[in-house]
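User: Please explain how the terms applied to this model follow from their definitions.

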Amino acid sequence: MAMGSVEAQVAVGKEKDVFSTGWGGTGLELDAIRRGELDATPMRMGDDVGAATAEAIKAHLEDRADELPFVFLGRITVAHDQMSADEIDALEQEAFRFSGVGALER
């Protein structure tokens, strides 16, 4: 939804007039922040969730399911247009350190 909103705003030249946020901090959203088209996105450290899921599966297979929390989620940090390119790059590197950095294909 965020990227559809960004595309519509850019199409009518309003990307500087409307404050827009994403959700999740995908590569597409981070690129839009870098271009000045998206203002902010709560950025999940996505690979943390994948690693935690793998550990939960392992614990279940080892009959240790009772040790698992009911909810787990990696850290969320708001990436925004006031951050430097280096700060956004560092968040992106951390979030996708296992799966690889890059925008999702459309």
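**Strand pairing and burial**

Analyst: V78 in strand 2 is the bridge partner of P42. The model is predicted: local features need pLDDT of at least 70 and side-chain atom pairs 80 or more, whereas totals for chains, interfaces and linings use all residues. Residues are numbered from 1 along each chain as its sequence is written, and side-chain values use heavy atoms, without hydrogens and water.

User: What makes strand 1 and strand 2 a pair?

Analyst: Pairing requires that DSSP find at least two bridges between two strands. Strand 1 and strand 2 (residues 76–80) are joined by 5 bridges and run antiparallel, so they pair by this definition.

User: Why is strand 1 described as largely enclosed by the rest of the structure?

Analyst: Of the 5 residues in strand 1 (residues 40–44), 4 are buried, so the description applies. Buried means under 20% relative accessible area, with exposed over 50% and partly exposed in between (1.4 Å probe, protein chains only).

User: Why is E37 called buried?

Analyst: E37 has a relative accessible area of 16%, which is under 20%, so the term buried applies. E37 lies in the loop between helix 2 (27–34) and strand 1.

User: How do you know that the side chains of D48 and R97 make a polar contact?

Analyst: A polar contact is a pair of N or O atoms within 3.5 Å; within protein, one must be able to donate a hydrogen and the other to accept it, and residues adjacent in sequence count only if both atoms are side-chain atoms. The D48 and R97 side chains are joined at 2.4 Å, within 3.5 Å, so the distance criterion is met.

Note on methods: Helices (H or I, at least four residues) and strands (E, at least two) are DSSP runs, numbered from the N terminus.
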